Amino acid sequence: MPGSIEGRVTGVTPEGNLVTDIAVERLRDLPRDERLSITVDEHLTVGLFTPDHTEAPMTFLGLLAPSGFLELCMVGDSAAMMLGVRAGEKVVVRWP
């Protein structure tokens, strides 16, 4: 059954990851591949990744962070600086 979860960016990590208020626990049973999309501002990424991912530098991805909340990161760089996204921005996770 299709669905979506909406949240907000609540802050930025020292590495520049965008921290959301969407708990990782809420994402546990969702698809982790390209069927799942995450949108923040006009930026889109697909899939969910764990901290041990092997994605290439400058890849924008959704991270199931150890903090217990979904983080949006730019591998090897600051997502906050690269995307210009600030706290309070709406985040939407969608799946079919």
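1. Among the contacts in the protein with a separation of 6 or more, 53% are accounted for by residues 24 or more positions apart. The model is a predicted one, and the values in this note should be read with that in mind.

2. On overall composition, the protein holds 2 helices and 8 strands, and read along the sequence these follow the pattern β-β-α-β-β-β-β-β-α-β. The radius of gyration is 12 Å, close to the 12 Å that the globule rule gives for 96 residues, so the protein is as compact as a globular protein of that length. Taken along the principal axes, the box filled by the C-alpha atoms is roughly 35 × 30 × 25 Å.

3. On burial and surface, 45% of the 96 residues in the protein are buried. The accessible surface comes to about 5,300 Å², and carbon and sulfur atoms contribute 53% of that surface.

4. The strands deserve a closer reading, and the sheet is a useful place to begin. It is an open sheet of 8 strands with mixed pairing, and its order is E4-E3-E8-E1-E2-E7-E6-E5. Strand E4 (43-46) and strand E5 (48-49) are the edge strands, each of which pairs on one side only. As a general matter, strands of a sheet pair through backbone hydrogen bonds, either parallel or antiparallel.

5. Which strands pair with E8 in the antiparallel sense? One of them is strand E1 (residues 3-12), which pairs with strand E8 (residues 90-95) over 6 bridges, and another is strand E3 (residues 37-40), which pairs with E8 over 4 bridges. In the sheet order, E8 accordingly stands between E3 and E1.

6. Individual residues allow the register of these pairings to be followed in the structure. On the E1 side, Glu-6 has Val-92 in E8 as its bridge partner, while the bridge partner of Arg-8 in E8 is Lys-90. For the pairing of E3 with E8, the residue to look for is Ser-37, which stands opposite Arg-94 in E8.

7. Is Thr-13, in the loop between E1 and strand E2 (18-23), buried or exposed? Its relative accessibility is 15%, and because the cut-off for buried is under 20%, Thr-13 counts as buried. The side chain of Thr-13 is joined to that of Glu-15 by a polar contact of 3.1 Å. When neighbours within four places in sequence are left aside, Thr-13 is in contact with Val-19 and Glu-71, so a reader inspecting this loop may wish to display those residues together with Thr-13.

Technical notes:
Residues numbered from 1 in each chain as written. Predicted model: local features only at pLDDT ≥ 70, side-chain atom pairs only at ≥ 80, totals over all residues. Heavy atoms only, no water. Pairing = 2+ DSSP bridges. Buried < 20%, exposed > 50% of the residue type's maximum accessible area, 1.4 Å probe, protein only. Polar contact = N/O pair within 3.5 Å; in protein donor to acceptor, adjacent residues only side chain to side chain. Contact = heavy atoms within 4.5 Å. Rg over C-alpha atoms; globule rule 2.2 N^0.38 Å. Areas by Shrake-Rupley, 256 points an atom, 1.4 Å probe, with all protein chains shown as cover.
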